[in-house]
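Me: Got a model open here and want to talk through its charges and odd backbone spots. Can you walk me through it?

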Amino acid sequence: MGLRLIRTARRAGVEALPLLQRAHELAMEPRHRLLDDDHDPRYLHPGRTALVCLTDGEMRDPVALAASLLVDTVSPELAPVPDALSRIHASHELHEAFSLRDRIPRPFGEGLAEALITTEPEVRVLALAEWLDQLRHLRLWAAGPAVSSAQRVTEEVYLPVAERTHTTLARRFRWWVRRVGPGLNASS
């Protein structure tokens with residue numbers, strides 16, 4: 001996934017590819033340590049989120065893309081902690097990526113819609129891309145009530161925010177709600 005991300009970023013004209021490589025390595029450390037199966041749907045979340053940011057979100061800022069690799073709003077234990085920066089020679093940009101990551105509103109939190117709408121546009125795109133990847137894979141590993149809650153927060157919060165933020169991401173959320181959501185609701 002790391003190689004695919006770098007190739008896609010290079011083709012998109014993103015500079016600072018070493019920053020993305022380093023952020024991907026940091027993002028994978030907790031996954032290597034905590035997941036006993038590299039087929040676990042959560043394993044590739046960092047790379048998939050960054051690819052959604054690049055392709056659907058049209059994001060080209062390397063610091064924001066690095067932040068997308070570092071976030072996991074559903075399984076925060078799988079996200080790297082800022083203390084990891086003290087073990088390595090971290091660039092200023094990597095510190096910025098952690099700071100940006102920490103501004104992403106968490107799903108199911110109080111005032112989520114307001115937090116998403118009032119945050120800066122790049123953080124909003126990061127949050128939408130990360131949630132879209134979570135949503136696509138949650139049903140593969142989480143319990144039914146968590147999947148139902150995710151579907152509900154998608155319909156009530158993430159889709160309306162996407163509609164106000166980004167055309168392509170909004171289209172992806174609309175498709176999910178229309179085509180996949182009814183099947184999830186019927187099975188729960």
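What follows is a chat about salt bridges, a charged patch and backbone angles.

Reply: Sure. This is a predicted model, where local features need pLDDT of at least 70, side-chain atom pairs count only at pLDDT 80 or more, and totals for chains, interfaces and linings use all residues. Residues are numbered from 1 along each chain as its sequence is written, and side-chain values use heavy atoms, with hydrogens and water left out.

Me: How many salt bridges does the structure hold?

Reply: Nine. A salt bridge here is a side-chain nitrogen of Lys or Arg within 4 Å of a carboxyl oxygen of Asp or Glu.

Me: What does R31 pair with?

Reply: With D72; their closest N and O atoms are 2.5 Å apart. R31 lies in helix α2 and D72 in the loop between α4 and α5 (84-87), so the pair ties together parts that are 41 residues apart in sequence. Helices are DSSP runs (H or I, at least four residues), numbered from the N terminus.

Me: Are R31 and D72 buried or exposed?

Reply: Both R31 and D72 are buried. Buried means under 20% relative accessible area, exposed over 50%, and partly exposed in between (1.4 Å probe, protein chains only).

Me: OK, and R103, which residue does its side chain meet?

Reply: E120, in a salt bridge at 2.8 Å, N to O. R103 sits in the loop between α6 and α7 (112-118) and E120 in the loop between α7 and α8 (121-138), so this pair links parts 17 residues apart in sequence. R103 is partly exposed at 38% relative accessible area, and E120 is partly exposed at 31%.

Me: Which residues are joined into one network?

Reply: R48, D133 and R136, through salt bridges that share partners.

Me: Switching topic: which residues form the negative patch?

Reply: D61, E93, E96 and E122 form that surface patch. Patch members have over 30% relative accessible area and no salt bridge, and like charges are joined within 9 Å. Asp and Glu count as negative. E96 lies in helix α6 (residues 92-101) and counts as partly exposed because its relative accessibility is 33%.

Me: And the backbone, what is the phi of A16?

Reply: About 65 degrees, so positive, although A16 is not a glycine. Most residues other than glycine have a negative phi. A16 lies in the loop between α1 (2-11) and α2 (17-34).

Me: What about phi at E58?

Reply: Phi of E58 is near 55 degrees, also a positive value in a residue other than glycine. E58 is in the loop between α3 (45-55) and α4 (62-70).

Note on methods. Patches are made of residues with over 30% relative accessible area and no salt bridge: like charges are joined within 9 Å, nonpolar side chains (Val, Leu, Ile, Met, Phe, Trp, Tyr) within 5 Å. Accessible areas come from the Shrake-Rupley method with a 1.4 Å probe; for residues, only the protein chains shown count as cover. The place of a charge is taken as NZ of Lys, CZ of Arg, CG of Asp or CD of Glu. Helices (H or I, at least four residues) and strands (E, at least two) are DSSP runs, numbered from the N terminus.
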